[in-house]
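Here is a short structural report, written to be read beside the coordinates. It moves from one strand at the end of the chain to the sheets, the loops and the chain as a whole.

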Amino acid sequence: AVQIAKHFGASVTGVSSAANADLVRSLGADKTIDYAREDFTKGAETYDIIMDAVGTTSFGRAKRALKDGGRLALVLANVRQLLFLPAWTKLTGTKRVVAGVAISTPEKIRRLAQLLAEGKFKPTIDQRFPIAQIAAAHARVDTGRKKGNVVVTLAG
């Protein structure tokens, strides 16, 4: 998400552990915030979009840090967040929650492939597992400590 946002000209602030700050900056973030030292929702800075990729930011917390008309994009959403929050936020002001299934189209896949071929998008791979170790791959994801994607290969 950082790389794609930067490609389209966004100024990006990444929230991560101090240990992952260099990785986040290497992906293109202009600034990083160590979540163990600072709550980004309580600072003076406000954002057009807050993307929660790990399921740790509620709308209640995020709305303080959203600009008017801003959006909280939930990559991981529970049923209440998916079904209730987007509709509820439309009734309560200009700040919104965006959640749901991303729709892939051939054109979107081609565009991402083009960015990849041009070197403008570089996937971050945490670890690779053969299909026989799929349980270990899931366990790695479940730790919440992966740095990038976990890849399962079908052939050795």
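## Strand E7 and Val151

Leaving out residues up to four places away in sequence, Val151 touches Ile125, Gln127, Arg128 and Phe129. The model is predicted. Val151 belongs to strand E7, which covers residues 149-153. Gln127 lies 24 residues from Val151 along the chain, yet their C-alpha atoms are separated by 6.4 Å.

Is Val151 buried, partly exposed or exposed? Its relative accessible area is 23%, so Val151 is partly exposed. The cut-off for buried is under 20%.

## The three-stranded sheet

Strands E3, E4 and E5 form an open sheet in the order E3-E4-E5, and the pairing is parallel. Which strands stand at the edges? They are E3 (47-52) and E5 (96-99). Each has a single partner strand, so one side of each lacks a neighbour in the sheet. On average, neighbouring strands here are turned by 20° against each other, direction ignored.

E3 and E4 (residues 66-74) run parallel and are joined by 5 bridges. Within this pairing, Ile50 stands opposite Leu72 in E4. In general, strands of a sheet pair through backbone hydrogen bonds, in either a parallel or an antiparallel sense.

## Gln81 in helix H4

Gln81 sits in helix H4, residues 79-83. Its relative accessible area is 13%, so Gln81 counts as buried. The threshold that matters here is under 20%.

What does Gln81 touch, apart from residues up to four places away in sequence? The partners are Leu74, Leu76, Pro86 and Ala99. Leu74 falls in strand E4, residues 66-74. Ala99 falls in edge strand E5, 96-99.

## The E1-E2 pair

Strand E1 (residues 13-16) has alternating side chains. Gly14 and Ser16 point to one face and are buried. Thr13 and Val15 point to the other face and are not buried.

E1 pairs with strand E2 (residues 31-34) in the parallel sense, over 4 bridges. Which residue of E2 is the bridge partner of Val15? That partner is Ile33.

## Ser17, just past E1

Ser17 lies in the loop between E1 and helix H2 (21-26). Where does it fall on the scale from buried to exposed? At a relative accessible area of 17%, Ser17 is buried. Beyond residues up to four places away in sequence, Ser17 touches Asp34 and Tyr35. Asp34 is in strand E2, residues 31-34.

## Ser58 and Lys120, two loop residues

Ser58 lies in the loop between E3 and helix H3 (59-62). With 33% relative accessibility, Ser58 is partly exposed. Its C-alpha atom is 9.7 Å from that of Val97, a residue 39 positions away along the chain. Val97 belongs to edge strand E5 (96-99).

Lys120 is in the loop between helix H6 (106-117) and strand E6 (125-130). Its relative accessibility is 45%, so Lys120 counts as partly exposed. How far apart are Lys120 and His7? They are 113 residues apart in sequence and 7.3 Å apart in space, C-alpha to C-alpha. Lys120 is in contact with Gln3, His7 and Leu115, leaving aside neighbours within four places in sequence. Of these, Leu115 lies in helix H6 (106-117).

## The chain as a whole

The protein chain holds 7 helices and 7 strands. From the N terminus, the elements follow the order α-β-α-β-β-α-β-α-α-β-α-β-α-β. Along the principal axes, the C-alpha atoms fill a box of roughly 50 × 35 × 35 Å.

How much of the chain is buried? Of its 156 residues, 23% count as buried. Among contacts with a separation of 6 or more, 32% join residues 24 or more positions apart.

## Surface and charge

The chain exposes about 10400 Å². Carbon and sulfur atoms supply 58% of that area.

How many positive and negative side chains are there? The chain has 24 positive and 13 negative ones. The centres of the two sets lie 3 Å apart.

Definitions and conventions. Residues numbered from 1 in each chain as written. Predicted model: local features only at pLDDT ≥ 70, side-chain atom pairs only at ≥ 80, totals over all residues. Heavy atoms only, no water. Buried < 20%, exposed > 50% of the residue type's maximum accessible area, 1.4 Å probe, protein only. Contact = heavy atoms within 4.5 Å. Areas by Shrake-Rupley, 256 points an atom, 1.4 Å probe, with all protein chains shown as cover. Lys, Arg positive; Asp, Glu negative; His and termini not counted. Charge placed at Lys NZ, Arg CZ, Asp CG, Glu CD. Pairing = 2+ DSSP bridges. Axes fitted to C-alpha atoms, helices over the stretch in contact; angles between N-to-C directions.
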